[in-house]
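Visitor: I am new to this structure and would like a close look at a single part of it. Please take the strands and the loops between them, one after another.

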Amino acid sequence: MSARRLHRLTGYLLALLVVAAAPACEWRGLNSMSLPGTQGDEAGAFTVQAQLPDVSTIQQNSRVRVGDVNVGTVTKIERQGWHALLTMKIDPDVDLPANATATIGQTSLLGSLHVELAAPKDSPPQGKLHNGSLIPLSAGATYPSTEQTLSAVSLLLNGGGIGQIQEITKSFSTAFRGRDADLRSLIGQLDRYVGYLNEQTGDIIAATESLNNLAGKFAAQAPVIDTALTTIPDALAVLKDQRQHLTEALEKLGQYSALAASTVDQTREHLINEFSDIGPILDQLASTGPALTRSLSVLATYPWPRETIDTWQRGDFANDTFIIDLTLSRLDAALFTGTRFEGKLTNLEMQWGRTIGQLPSPYTAGNPLVIPYRWDQGP
């Protein structure tokens, strides 16, 4: 009875220990417990977290390595959204930049998984990895696993066409048999084509950049293009509704063009003559040169020359001398020349004896407007 009671008591104690430990942790085998002797247990070790898209089959207590050297241990694996979050304990002497990368790797084809920490390759190092650092998801990656590698090799060997290489080679041999010269010529032409294409690399790059700039301008004018694309269908609908009117307008325009062509054909000879007559006039206008333009400035001061206008007009008064000839002969020459009364007044004045040195007719060389007045000619 004593042995049976002892055995029962021992079972009760174990059950109590299991019940007491169950709320504190989740049992996932020995890897769910911290194992002694692992890296990252030294004094001064710091904790680093890393976000990874996929952790494959890695387990807690997996190794953390830098350059094939164990420097830490994975202490926790949890899900964070749609990616994994690893917590690692790192030895205090590990010196890595703050933008280090974390990758899930495998020591060999059948080896264990580990986390590989390394400095970034595509960007310069920044800062230093310290306690509480978080390696973001953009710096996390996973090397292909053994299963993925074997799956890719199986796909290549079974469905990748390797088994048909012999048939492909045989088909090529049959296709090119007896066409060695043509094949040699084709290779030569391809070589020249590639050479020409290589010489035009700068132009191709420039054209690509110009096309990129054009696309950028189109992108900058996106609202205008959207408005145009929205408006064009309405404009096309209006044109469709006005198609009959446009057709009639084009027909009328054709009739007008035919009438204009007929009119030009009928008046062509007269137009040529008129242009021929206008030619000498234009030649004379062209020959006047600057004199024609300079003469236009005299119109504002006519009948006084422009050069002496300042001696005639002074401020608000004008200086001038007038000789007014009211003799009958002057009036006759100025008013009745060419009429039936021509010479009447001159004859009358001659009867009075007051016309001196002047003939009764203006057809002589003397001009009554320029002949100087004589004081002995009469009143």
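Which residue in β6 is the bridge partner of Gly105?

Guide: The bridge partner of Gly105 in β6 is His114. Before going further, note that this is a predicted model. The protein has eleven helices and ten strands, and of its 379 residues 16% are buried.

Start with the pair that holds Gly105 and His114. Strand β5 covers residues 101-106 and runs antiparallel to β6, with six bridges joining the two. Strand β6, residues 113-118, also pairs with strand β2, residues 63-65. That second pairing is in the parallel sense and has three bridges. Within it, Arg65 has Glu116 of β6 as its bridge partner. Strand β6 thus takes part in an antiparallel pairing with β5 and a parallel one with β2.

The loops on either side of β2 each contain a residue with a positive phi. Asn61 lies in the loop between β1 and β2, and its phi is near 75°, although Asn61 is not a glycine. Asp68 lies in the loop between β2 and β3, and its phi is near 65°, again a positive value in a residue other than glycine. In exposure the two fall into opposite classes. Asn61 has a relative accessible area of 16% and therefore counts as buried, the limit being under 20%. Asp68 has a relative accessible area of 64% and therefore counts as exposed, the limit being over 50%.

Next comes strand β4, residues 83-90. Seven of its eight residues are buried, so β4 is largely enclosed by the rest of the structure. Strand β4 has pairings with both β1 and β3. With β1, the pairing is antiparallel and has seven bridges. With strand β3, residues 70-80, the pairing is also antiparallel, over eight bridges. Leu86 of β4 appears in both: Ala50 stands opposite Leu86, and so does Ile77. Strands β3 and β4 form a hairpin with two residues between the strands, where Gly81 takes a positive phi near 70°.

As for the side chains along such strands, there is a general pattern. In a regular strand they alternate between the two faces of the sheet.

The last residue of β4 also gives a link to the loop before β1. Gly44 sits in the loop between α1 (2-21) and β1 (46-52). Gly44 and Ile90 are 46 residues apart in sequence, while their C-alpha atoms are 9.1 Å apart in space. Gly44 has a relative accessibility of 57% and so counts as exposed. Contacts between parts distant in sequence can also be stated for the whole protein. Among contacts between residues at least 6 apart in sequence, 59% join residues at least 24 apart.

Outside the strands, a few helices can be added for orientation. Helix α3, residues 165-176, has twelve residues and reaches 16 Å from its first C-alpha to its last, close to the 16 Å expected. Gly178 follows α3 and has a positive phi near 80°. Further along the chain, helix α7, residues 243-288, gives six residues to a nonpolar patch, the most of any contributor. The patch lies on the surface and includes Leu271, Phe275 and Leu292; together its residues have about 660 Å² of accessible area. Leu292 is in helix α8, residues 290-296, and its relative accessibility of 39% makes it partly exposed.

Note on methods: Residues numbered from 1 in each chain as written. Heavy atoms only, no water. Patch = residues over 30% accessible without salt bridge, like charges linked within 9 Å, V, L, I, M, F, W, Y side chains within 5 Å. Areas by Shrake-Rupley, 256 points an atom, 1.4 Å probe, with all protein chains shown as cover. Salt bridge = Lys/Arg side-chain N within 4 Å of Asp/Glu carboxyl O. Helix = DSSP H or I, 4+ residues; strand = E, 2+ residues; numbered from the N terminus. Buried < 20%, exposed > 50% of the residue type's maximum accessible area, 1.4 Å probe, protein only. Contact = heavy atoms within 4.5 Å. Expected span 1.5 Å × (residues − 1). Pairing = 2+ DSSP bridges.
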